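This report describes strand pairing in two parts of one chain. The sequence and the structure come first.

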Amino acid sequence: MALPDSFIQELLSKNDIESVASSYVAFKRRGRNLVGLCPFHGEKTASFNLYPETNSFYCFGCGAGGDVITFIKRIENLEYIDAIKFLAERSGMRMPENRQENDQVSRLRMRILEANREAARLFHATLYRPEGKVALDYYHSRGYTDATIKHFGLGFAPPGWDYLRNALRAKGFKDDELVAATLAKRGKNGGTYDFFRNRAMIPIIDIRGNVVGFGGRVLDDSKPKYMNTESTLAFSKSHNLFALNFAKNTGRELNLCEGYMDVIAMHQAGFTNTVAALGTSFPEEQMQLVARYADRVNLIFDADGAGQKATKRAIENLRRTGLDVRVVTIPDGKDPDEFIKNNGAAAFKRLLERSSNAVEHSLLEIGKTHTLSTAEGKLAYSQEATKVLAKIESPIERDLYAGRLSQLLGVSKDAILQEVEQTRRKKERQEVRYQLPNLLRQERKELQQVNPEAAQNTRAASAEESLLGTLILHPDYIKSVRQALAPEQMVTSFNRELYRRLLDRERQGLLVELPFLASDYDQDGMAYIAKMVRDMGERVVTPEEVARFAAIIREEHTLRQIQNPAEASDEDIQKMLDTLRERK
């Protein structure tokens with residue numbers, strides 16, 4: 001979708017990256033720039049840098065980078081035009097009325113959301129028809145009231161192959177749109193059929209109130225027990241939490257459960273700050289989403305092996321966000337739904353109040369695997385326990401738990417703290433040793449993904465990146481560089497195309513800063529360009545250096561042109577010799 005530069009300029013003036021990103025990240029000022037914990041990956045040491053002067057960001061840990069539009073695309077999981085709309089709404093701006101409606105991706109995303117909304121209405125209405133009685137009875141058997149059923153928009157997908165498809169066709173939706181929404185699947189013969197059949201349907205609603213997907217549960221013991229909407233333009237499991245649309249305004253404490261049904265039961269019992277993680281993998285994106293809306297999180301998972309593994313995984317990921325992480329243990333291995341039914345909401349509230357923090361839970365779990373009545377058992381326990389204490393950032397908290405271990409094991413607190421400190425120093429050395437190779441791997445990964453030719457043309461690519469970063473920061477150099485370097489002389493394809501874009505925009509009198517490139521590049525491309533800008537933003541570049549960048553690129557282009565000297569003309573040979581002499 002082509003948007004006027006004047007509109008983008010006004011949008012940027014009302015949405016500077018510092019004010020936008022500060023809604024998601026806690027920053028500390030470091031000179032002219034700001035630094036904070038990256039919202040795109042878990043970390044304890046801040047590596048997310050904000051550059052207000054260039055309206056850009058870059059993370060040295062995961063390589064995410066770009067402008068304010070790219071930031072919103074990443075953190076809100078939006079396409080380009082939807083990120084523009086998000087920022088426009090944030091600043092009270094109206095989208096241009098006469099814009100060209102040619103963004104197929106954005107329109108398809110909107111059609112998916114519209115189809116999901118209509119599907120949710122149909123599934124819910126079906127509950128109260130004769131064919132939906134089996135599902136309504138199921139919900140009532142779980143103790144859900146009609147008010148709760150309505151609140152969550154619960155519904156039913158009847159048996160059969162075309163119930164939903166035919167209903168949505170009648171409302172003007174095309175089969176391709178239903179397939180794109182995972183509401184229908186395409187068969188071997190090219191026809192389509194309903195994806196969800198004979199299942200209790202739970203709509204998944206994002207924080208803006210859009211129905212982005214569904215969870216479908218069987219009403220018997222058949223498998224699979226749950227079917228969920230696949231990844232679509234409107235839905236990514238890792239970027240959503242079930243019931244966050246209700247829980248986000250309840251305060252800075254969230255209860256995190258495993259499944260939809262537990263969340264619904266807890267909301268009905270009054271615990272409206274409860275969400276589910278849409279699976280047990282708990283990727284970093286979901287943990288960052290939790291951290292955005294909470295300071296404390298209570299983990300309430302099943303007591304079986306899978307639930308305990310999920311608890312451990314969540315503790316590791318959530319502690320990196322700086323959250324106060326608590327673990328709620330439900331007696332007799334019951335799930336929250338069952339416990340509340342049998343014991344009531346007041347009893348469950350007491351469980352929440354008695355929850356153990358992440359350290360206490362970890363120490364308790366370690367204690368289950370060691371016998372403290374023997375010296376060997378105590379030694380094995382202390383070795384694992386000190387590793388847990390070594391992960392604690394607060395010295396006061398480490399001292400407190402060292403005192404408890406001292407009493408439990410009959411070992412001096414100083415000896416335990418000494419062991420903890422040795423473990424921390426060893427871990428810090430390992431992290432420092434790992435950091436440089438990790439950054440280098442990240443750099444190589446970026447190049448391989450965005451500009452794979454750079455690895456075979458390091459000198460040319462380095463000069464190209466330096467030149468392009470300079471031109472974006474200082475567009476006044478473009479006219480002189482245009483005379484010295486043709487786009488065809490750029491060695492790597494990605495940089496060649498970017499250079500062409502800069503020249504074209506400058507020729508048309510358009511701006512070339514990062515945000516004006518965001519519509520043409522994906523997140524990885526913008527991160528690569530942001531890195532160019534970041535690197536050159538640290539330097540004062542002279543006209544002589546700019547000319548030298550262009551000269552190096554011309555040299556490398558000439559050398560590449562002559563792949564086989566034996567077949568080259570005398571003129572080409574002379575050019576190559578001149579270039580090599582100049583290079584030396």
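Strand β4 and strand β5 (residues 65-67) are antiparallel partners, joined by three bridges. The model is predicted: local features need pLDDT of at least 70, side-chain atom pairs count only at pLDDT 80 or more, and totals for chains, interfaces and linings use all residues. Residues are numbered from 1 along each chain as its sequence is written, and side-chain values use heavy atoms, with hydrogens and water left out.

Strands (E, at least two residues) are DSSP runs numbered from the N terminus, and two of them pair if DSSP finds at least two bridges between them.

On its other pairing, β4 runs antiparallel to strand β3 (residues 48-51) over four bridges. F48 has C59 of β4 as its bridge partner, while S56 is bridged to D67 in β5. Both connections are hairpins, as tabulated.

| Hairpin | Residues between strands | Turn residue with positive phi |
|---|---|---|
| β3 and β4 | four residues | N55, about 55° |
| β4 and β5 | five residues | G63, about 85° |

In a regular strand, side chains alternate between the two sheet faces. Strand β4 (residues 56-59) is covered on both faces: S56 and Y58 on one side, F57 and C59 on the other, are all buried (under 20% relative accessible area, 1.4 Å probe, protein chains only).

Further along the chain, five strands make an open sheet of mixed pairing in the order β13-β12-β14-β15-β16. β13 (274-276) and β16 (356-357) are its edges; each has a single partner strand, so one side of each lacks a neighbour in the sheet. Within this sheet, β14 (residues 296-300) pairs with β15 (residues 324-327) in the parallel sense over four bridges. R296 stands opposite D324 in β15.

Key:
Buried means under 20% relative accessible area, exposed over 50%, partly exposed in between (1.4 Å probe, protein chains only).
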